[in-house]
Amino acid sequence: MMAQPQLEKKLLPRGRAPLTAKAVLALCVASFAVGLLLSGRVSLLPSASAPGKVKTTSASGCDDSLAKLDGESHDPKGILNEVSRTHHAIRSLDKAVSTLEMELAVERARSGGGGTGGAASTKAPQKASVVIGINTAFSSKKRRDSLRETWVPTGEKLRRLEKEKGIVIRFVIGRSGAAGGGPADRAIDAEEAENKDFMRLDHVEGYLELSSKTRIYFATAVATWDADFYVKVDDDVHVNLGMLSTRLAKYRARPRVYVGCMKSGPVLSQRGMKYHEPEYWKFGDVGNKYFRHATGQIYAVSKDLAAYISVNQPILHRYANEDVSLGAWLIGLEVEHVDDRSMCCATPPDCEWKKRAGNVCAASFDWSCSGVCRSVDRMKLIHNACGEGQEALWGAAT
């Protein structure tokens, strides 16, 4: 406030004509607007040390505006209301900008800007409701067959599910890395020719590469299908497709949704332990826990989040654990985390009791095994005890 006389000298130097009434009024309005925007940091109340230097005399029109402002300065409640409205407007503007950025990411991903490792696609993505990518490995053929015998439709039923319900299911796998394609690649090629239910990624398979595989899966899926949700599930988890589709349909109208069973496990710093985190120091002191994120057995993200991952995959940091990596990519965004416990039921008797009570689970697995224990042997038993039935699938909301 003490610098105001100097400002007046600059505005009205000796020998120069005074500002017009309109110019002064515009300056007053602009100053008032700037004051509101900065009200969170600078008080609008006049300084007690210089009460006589707050109000200046100028052309007609400005006096009224300054008088009104001076009158409001004696009403703290009015000032707080103005500050609250201004902050609310700024937050609304921030969310609008964030939404526009996400929509731009979606369009970039669809136009081939997602960077899946190949050339930009000129083919428009196929419309779908839910895309389900089943993460699998070269050595997991028996697991894949156990799913095809239970909850994953095959042949014409798989095509009908896509056409009539918009539910797309693919086993997701990359390459072996062998020059010219090794025996493992040829085995997958033969399996794909028979079943036509694979999504092949431009990615070299490896346990320590799961975070990279997840990024590439979302990029490839977004470029291929225009879906409301994209799901990742492991190949040793039992899923009721109808219930999963119904659960996700509840969140379709909400922007930027991340659905799964949210957890916050310990950050394991000791080398040699399963799920060891080499970058444990980034999460604070030893003994700290991770931020909330969905368990890796199954989770879903909405279209704009999948597109965000697709567009920004080159700069998304990869931690040792894939589920932590995904949580890290989304933790700093305007994202709604939905903790849906129906996606992490235990195997019988838990999911069986819930089914009898009318609460069919979306997914079931054993926490102790990070999937269904002995899944090849037990998947059919679990499906018979906890499966929703074909009627539920074809009658489900999508």
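Here is a short dialogue on reading helices and ring pairs in this predicted model.

User: Let's begin with helix α8. How far apart are its end C-alpha atoms, and what span should its 15 residues have?

Analyst: Take 1.5 Å a residue, and the 15 residues of α8, residues 210-224, should span 21 Å. The end C-alpha atoms are 21 Å apart, so the two values agree.

User: And is α8 mostly covered or mostly open?

Analyst: Mostly covered: 12 of the 15 residues in α8 are buried. The buried ones run through Ser211, Ser212, Lys213, Thr214, Arg215, Ile216, Tyr217, Phe218, Ala219, Thr220, Ala221 and Val222.

User: Now for helix pairs. What describes two packed helices?

Analyst: Two things do the job: the angle between the axes and the distance between the axes. Try it on α5 (residues 141-148) and α7 (residues 183-195), which pack at about 10 degrees with axes 13 Å apart. That angle makes α5 roughly parallel to α7, because angles under 35 degrees count that way.

User: Which residues make that contact?

Analyst: From α5 you'll find Lys141, Arg144 and Arg148, and from α7 Ile188, Glu191 and Asn195. Sorted by class, the contact has four charged residues, one polar and one nonpolar.

User: Where else does α5 meet a helix, say α13?

Analyst: Look at Lys142, Arg143, Ser146 and Leu147 in α5, which meet Ser375, Val376 and Met379 in α13. This contact has three nonpolar, two polar and two charged residues. As for the geometry, the axes of α5 and α13 (residues 375-386) come within 9 Å and cross at roughly 5 degrees. These two helices are therefore roughly parallel to each other as well.

User: Let's move on to rings. How many aromatic pairs does the structure hold?

Analyst: Seven. To read one, check the distance between ring centres and the angle between ring planes. For Tyr217 and Phe218, the centres are 5.0 Å apart and the planes are at 45 degrees, so this pair is tilted. Both Tyr217 and Phe218 are buried, and both are on the list of buried residues in α8.

User: What about Phe283 and Tyr290: what is the angle between their planes?

Analyst: It's 85 degrees, with 5.0 Å from centre to centre, and the pair is edge-to-face.

User: Are those two rings on buried or exposed residues?

Analyst: Buried. Phe283 has a relative accessible area of 13%, and Tyr290 has 7%; the cut-off for buried is under 20%.

User: Which residues share a cluster with Phe283 and Tyr290?

Analyst: Phe291 and Tyr319 do, as ring pairs link these four residues into a cluster.

Conventions:
Residues are numbered from 1 along each chain as its sequence is written. This is a predicted model: local features need pLDDT of at least 70, side-chain atom pairs count only at pLDDT 80 or more; totals for chains, interfaces and linings use all residues. Side-chain values use heavy atoms; hydrogens and water are left out. Helices (H or I, at least four residues) and strands (E, at least two) are DSSP runs, numbered from the N terminus. The expected span of a helix is 1.5 Å times one less than its number of residues. Buried means under 20% relative accessible area, exposed over 50%, partly exposed in between (1.4 Å probe, protein chains only). Axes are lines fitted to C-alpha atoms, for helices over the stretch in contact, and angles run from 0 to 180 degrees between N-to-C directions. Angles under 35 degrees count as roughly parallel, over 145 as roughly antiparallel, 65 to 115 as roughly perpendicular and the rest as oblique. Contact means heavy atoms within 4.5 Å. Ala, Val, Leu, Ile, Met, Phe, Trp, Tyr, Cys and Pro count as nonpolar, Asp, Glu, Lys and Arg as charged, and the others, Gly among them, as polar. Rings of Phe, Tyr and Trp (its six-membered ring) pair if their centres lie within 6.5 Å; planes under 30 degrees apart count as stacked, over 60 as edge-to-face and the rest as tilted.
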